[in-house]
Amino acid sequence: MWITRFGAGDCAAGGTGVRIAVKDNIDVAGVVTTCACPAHAEGRAAAEADAGCLSGARAAGAFVVGKTNLHELAYGTSGVNPFFGTPTNPLDGRRIPGGSSSGSAVAVATGQADVALGTDTGGSVRIPAACCGVVGLKTTHGRIPLAGVWPLATSLDTVGPLARDVDGALLGMQLLEPGFVEAELDERLVVGRLRPESEAAVDAAVDAALVAAGFEVREMSLPSFSAAREAGGTLLGYESWLVNGHLVGKEGISVAERIAGGADVSIDDLATVGDTAVRWLAELDEAFETVDLLALPTLPILPPYVAEGLDTEPLGRHTMPVNLAGLPAIALPAPTGGVLPASLQLVAPAYAEDLLIAAARLVERAVADRS
């Protein structure tokens, strides 16, 4: 799970004692940012300064325990990496850890960090959180500074925390944004239940978690959901080509074909993306006039086996539309009655991460009482 390991350190001396792991597309002063891609890392100098998103953690005295592995260049959902290895899913070592923030999810799931930072462009915090049975928070686009974070698609990129539980996710937000506080809930939350195609066991687990938490659940349908997923994928492909296209044709890169595909995106394609985004945001604005949050599975399936190959396109089906909208979302375990949990995704209006944390806490407590 580690690309660079700094050791345990004396976290208690003069600091908070918080151990933080940092995805290796986020700069840490004095260390080369590899993005888990040899072609990118070759000849690259060590970062001269920390990424801006680490300033709060440094001020709090948190100890960076290491740089975590990821799906190469943050461009993939499986977490499988042919160069730096694939982090082992702690729930079932035969299954993918999820990507792209694979090492960050495994670090907190195995207790080797209290908080981990990841990036989420199309689901890359929430997907590994779902695969590894932890909590992952995608922040509002633009809320957390991206200076010193190697981009994948700047219109979609965000930084967010992963942790074993909701308390850890709250701590992660406080390190990213000093002064952040959880919302106080005075009334019963109204949740709009979206039902994009998912496995029956996953849907059942999400429904049970929502009922257990005591939310008022209303069935909802947003017509542009699928179109938003496709538009987000088009935008990601195009912008990833702008950032990483220079690596295509070099040795030490396995996602070159995916990157090269972005060169085929046309002006008309981008116009369609823009039109879709306008419709999608209008539908979301209307939805949030009647509900506090939206709820749906983070993943449509349980984590697939590594041996099944890398065709994991379904893993981002339920997450990418949120990135196109720029909204915050949290993923947290929803028990299935088996070894592997499903994952509930809650989506909030922009800058309502405080509400997401409070709602996720209700779910976490409710499912714990049922288990």
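What follows is a walk through helix α9, the nonpolar cores and the aromatic contacts of this predicted model.

Helix α9 is a handy place to start. It runs over residues 267-287, and at 1.5 Å a residue its 21 residues should span 30 Å; the end C-alpha atoms turn out to be 30 Å apart, so expectation and model agree. Seven names make up the buried set of α9: Val 273, Thr 276, Ala 277, Trp 280, Glu 283, Leu 284 and Ala 287. Looking down the helix axis, these buried residues fall within an arc of 135 degrees, so they line one face of α9. The other side of α9 carries exposed residues, namely Ile 267, Asp 268, Val 278, Asp 285 and Glu 286. As for what the buried residues pack against, the partners are α7 (225-244), β9 (293-297) and α10 (320-325).

One of those partners, α7, also meets α9 through a pair of rings. The structure holds 1 aromatic pair, and it is made by Phe 225 and Trp 280. The geometry is edge-to-face, with 5.9 Å from centre to centre and 80 degrees between the planes. Phe 225 belongs to helix α7 and Trp 280 to helix α9, 55 residues apart, so the pair links distant parts of the chain. Both of these aromatic residues, Phe 225 and Trp 280, are buried.

Next come the cores. In soluble globular proteins, nonpolar side chains tend to be buried together. Here the largest nonpolar core has 52 residues, and the ones with the most contacts inside it are Cys 53, Leu 293, Ile 330, Leu 344 and Leu 346. Elements that each supply at least two residues of this core include the strands β2 (19-23), β5 (135-138), β9, β10 (329-334) and β11 (342-347), along with the helices α5 (166-176), α6 (200-213) and α11 (353-370). The top contributor is α11, which gives 8 residues. Ile 330 shows how these pieces come together: leaving aside neighbours within four places in sequence, Ile 330 is in contact with Val 135, Gly 136, Leu 137, Leu 344, Gln 345, Leu 346, Leu 356, Ile 357 and Ala 360. A second core, separate from this one, has 41 residues, among them Leu 247, Ile 253, Val 273 and Ala 277. Val 273 and Ala 277 are familiar from the buried residues of α9.

Finally, two arginines sit over tryptophan rings. The charged end of Arg 5 is placed over the ring of Trp 2, 4.4 Å from its centre. Arg 44 lies over the face of Trp 150, at 5.0 Å from the ring centre.

How values were computed:
Residues numbered from 1 in each chain as written. Predicted model: local features only at pLDDT ≥ 70, side-chain atom pairs only at ≥ 80, totals over all residues. Heavy atoms only, no water. Helix = DSSP H or I, 4+ residues; strand = E, 2+ residues; numbered from the N terminus. Expected span 1.5 Å × (residues − 1). Buried < 20%, exposed > 50% of the residue type's maximum accessible area, 1.4 Å probe, protein only. Arc of directions from axis to C-beta. Contact = heavy atoms within 4.5 Å. Core = buried A, V, L, I, M, F, W, Y, C linked by side-chain atoms within 4.5 Å. Phe/Tyr/Trp six-rings, centres within 6.5 Å; stacked < 30°, edge-to-face > 60°. Lys NZ or Arg CZ within 6 Å of the ring centre and 35° of its normal.
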